[in-house]
Amino acid sequence: MLEKGSEVQDFELDDQFGKSRRLSTLLETGPVVLFFYPKAMTTGCTRESCHFRDLSAEFEAVGAQPVGISADSVDRQSAFDAQNGLGMPLLSDPSRKVAAMFGVKRPGPLVNRRATFVIARNREILGAFSSEMNMNRHADDALAVLKANG
């Protein structure tokens, strides 16, 4: 798993609307909190994503935006967003190429690890953490990192 201080390579994936999104473009407006979740519309991933949604004003206040990413299809990401009113980019990484780049891809058909990366505008990782069971930790820890580096 990439660690604090690592530089993230630029990448491009489609969001839940089929729009191509580049990390470098997302970073133009401020830090990005990239959170990997195993599978859209499952209990844990819904709880985690909704917690990011519920803290959207706090992320906005520190100039950052959460961006979710999983191996789910664009259509599944779109349904996940619509069902939960998430209102943030949800990137589709069906080949798990980006998950592998971040070191969160599990072998074979297993879903990706649940991990979050706080990425500065210069593509440096300010914080990286993983917790499979504590769904709120990801957004809470990301906000703490952003406030400490603000």
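User: Happy to start with one residue: where does Val-33 sit?
Analyst: This is a predicted model, in which local features need pLDDT of at least 70 and side-chain atom pairs count only at pLDDT 80 or more, while totals for chains, interfaces and linings use all residues. Residues are numbered from 1 along each chain as its sequence is written, and side-chain values use heavy atoms, with hydrogens and water left out. Helices (DSSP runs of H or I, at least four residues) and strands (E, at least two) are numbered from the N terminus. On that numbering, the place of Val-33 is in strand 3.

User: Is Val-33 buried or exposed?
Analyst: Buried means under 20% relative accessible area, exposed means over 50%, and partly exposed lies in between, with a 1.4 Å probe and protein chains only. The relative accessibility of Val-33 is 0%, so Val-33 counts as buried.

User: Which residues does Val-33 contact, leaving aside neighbours within four places in sequence?
Analyst: Contact here means heavy atoms within 4.5 Å. Pro-66 is one of the partners; the C-alpha atoms of Val-33 and Pro-66 are 4.5 Å apart, although 33 residues separate the two in sequence. The full set of partners is Phe-52, Phe-59, Gln-65, Pro-66, Val-67, Thr-116, Phe-117, Val-118, Ala-142 and Leu-146.

User: Stepping back, what pattern does the chain follow along the sequence?
Analyst: The secondary structure comes to six helices and seven strands. Read from start to end, these elements follow the pattern β-β-α-β-α-α-β-α-β-α-β-β-α.

User: How compact is the chain, judged by its radius of gyration?
Analyst: The radius of gyration is taken over C-alpha atoms, and the globule rule is 2.2 Å times the number of residues to the power 0.38. For 150 residues the rule gives 15 Å, and the chain comes close to that, so it is as compact as a globular protein of that length. Along the principal axes, the C-alpha atoms fill a box of roughly 35 × 30 × 30 Å. The radius of gyration itself is 14 Å.

User: What share of the contacts joins residues at least 24 apart in sequence?
Analyst: The contacts considered are those between residues at least 6 apart in sequence. Of these, the share joining residues at least 24 apart is 64%.

User: How many aromatic pairs are there?
Analyst: A pair of aromatic rings is described by the distance of the centres and the angle of the planes. Rings of Phe, Tyr and Trp (its six-membered ring) pair if their centres lie within 6.5 Å; planes under 30 degrees apart count as stacked, over 60 as edge-to-face and the rest as tilted. By this rule the number of aromatic pairs is eight.

User: How many residues apart in sequence are the parts that the pair of Tyr-37 and Phe-80 ties together?
Analyst: The pair is tilted, with 5.6 Å from centre to centre and 45° between the planes. Tyr-37 lies in the loop between strand 3 (32-36) and helix 2 (43-54), whereas Phe-80 lies in helix 4 (residues 74-84). Tyr-37 is buried at 0% relative accessible area, and Phe-80 is buried at 0% too. The pair therefore ties together parts whose separation in sequence is 43 residues.

User: Which residues form one aromatic cluster with Phe-52 and Phe-59?
Analyst: Phe-52 and Phe-59 make a stacked pair, 5.7 Å from centre to centre with 25° between the planes. Phe-52 and Phe-59 are both buried. The other members of their cluster are Phe-35, Tyr-37 and Phe-80.

User: What is the phi of Met-41, roughly?
Analyst: Most residues other than glycine have a negative phi. Met-41 is found in the loop between strand 3 and helix 2, and is partly exposed at 31% relative accessibility. Although Met-41 is not a glycine, its phi is positive, at about 70°.

User: And what is the relative accessibility of Arg-96?
Analyst: Arg-96 also has a positive phi, about 60°, although it is not a glycine. Its place is the loop between strand 5 (90-92) and helix 5 (97-102). Arg-96 counts as buried, its relative accessibility being 11%.

User: Which residues does Leu-143 contact, again leaving aside neighbours within four places in sequence?
Analyst: Leu-143 is placed in helix 6 (residues 137-148). It is buried, with a relative accessible area of 5%. Its contacts are Leu-55, Glu-58, Phe-59 and Val-62.
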